[in-house]
Amino acid sequence: MTKSAHATSCSKTIHYWSGITLSVFIGFHLFNQLTSLIGADAHIKVMQAFRTVYRHPAVETILLIAVLFQAVTGLKMVFTRKRSSTVEKIQVYSGLYLSFFLFFHVGAVLYGRWLGMNTHFYFAAAGLNMYPAMFFFIPYYLLAVAGVTLHVAAVHYRKTGSLGWSRAIAITGVLAALLIIIGFTNRFQWREIPPANKAFIQQSFGG
Ligand code: HEM
């Protein structure tokens, strides 16, 4: 095996295993976001329960390393691999968006925590309910959730050739993305945001 073929195969293996690690967290994380349909209190309660696991220093370290590996190896493959079919294009472009999203999303959460904020429901709800920030945050989160499932659906199709299941995964993701936005915005009737979260968004987006 040549040196560059060996490096590509290493990147693929790291991307695969960091993707599997991240998928477990994302499954619980998106379920948590869906509880916004019940209300802010329900969302906060579920997050508090989940945090006892993913905020454990060992678990969080593994999670953050997986985020870093996933984004870096994904970006590397974008520039080294040819993409000829539509499915490959969906996989690569959704992955590209996810690298961008993960960088800003996790960066914002860690920055918020460093400022001493509680990065719970209202941390995300602020951007989704405040004018004009909502014009950025609604597509930003919609594309992220849809992007995850389009990425998984494309990988599934390339591995199994099952169009039915791949379509079902993609459609479920797009529906989940819409439901999460509906939950966070209180069915587009907009939520009252606590002053600290308002100020955080106003720093960068005005309003
Ligand atoms: C509408 C969709 C989403 C919303 C509203 C949302 C919201 C949040 C919030 C509020 C946190 C802070 C959690 C805490 O303080 O315990 C967080 C953390 C995080 N989110 Fe999301 N998220 C969304 C989608 C995603 C997606 C699609 C991904 C992955 C592709 C993702 C990956 C992460 C990661 C890795 C963390 C850091 C966890 C930690 O170490 O504390 N999120 N998200």
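This note goes through the ligand shell and a surface patch of the structure, which is a predicted model.

1. Surroundings of the ligand. The shell around the ligand is made up of 26 residues, and the closest of these are His29, Tyr54, Glu60, His105 and Thr119. By residue class, the shell divides into 17 nonpolar, 5 polar and 4 charged residues.

2. Polar contacts to the ligand. Three arginines deserve a look in the viewer. In the side chain of arginine 51, an N or O atom is 2.7 Å from an oxygen atom of the ligand, and a polar side-chain atom of arginine 55 likewise lies 2.7 Å from a ligand oxygen atom. For arginine 113, a polar side-chain atom is placed 3.1 Å from an oxygen atom of the ligand.

3. Elements that build the shell. Two or more residues of the shell around the ligand come from each of α1 (3-34), α2 (40-54), α3, α4 (86-114), α6 (134-160) and α7 (163-184). Among these elements, α4 gives the most, with 6 residues.

4. A nonpolar patch on the surface. Ile14, Ile65, Leu68, Phe69 and Val72 together form a nonpolar surface patch, for which the accessible area comes to about 440 Å². Helix α3 (residues 57-80) supplies the largest share of this patch, namely 4 residues.

5. Leucine 68 within the patch. Is leucine 68, a residue of helix α3, buried or exposed? Leucine 68 counts as exposed because its relative accessible area is 53%, and the cut-off for exposed is over 50%. Helix α3 therefore appears in both parts of this note, since it gives residues to the ligand shell and also to the nonpolar patch.

Technical notes
Residues are numbered from 1 along each chain as its sequence is written. This is a predicted model: local features need pLDDT of at least 70, side-chain atom pairs count only at pLDDT 80 or more; totals for chains, interfaces and linings use all residues. Side-chain values use heavy atoms; hydrogens and water are left out. Patches are made of residues with over 30% relative accessible area and no salt bridge: like charges are joined within 9 Å, nonpolar side chains (Val, Leu, Ile, Met, Phe, Trp, Tyr) within 5 Å. Accessible areas come from the Shrake-Rupley method with a 1.4 Å probe; for residues, only the protein chains shown count as cover. A salt bridge is a side-chain nitrogen of Lys or Arg within 4 Å of a carboxyl oxygen of Asp or Glu. Buried means under 20% relative accessible area, exposed over 50%, partly exposed in between (1.4 Å probe, protein chains only). A residue is near a molecule or strand if one of its heavy atoms lies within 4 Å of it. A polar contact is a pair of N or O atoms within 3.5 Å; within protein, one must be able to donate a hydrogen and the other to accept it, and residues adjacent in sequence count only if both atoms are side-chain atoms. Ala, Val, Leu, Ile, Met, Phe, Trp, Tyr, Cys and Pro count as nonpolar, Asp, Glu, Lys and Arg as charged, and the others, Gly among them, as polar.
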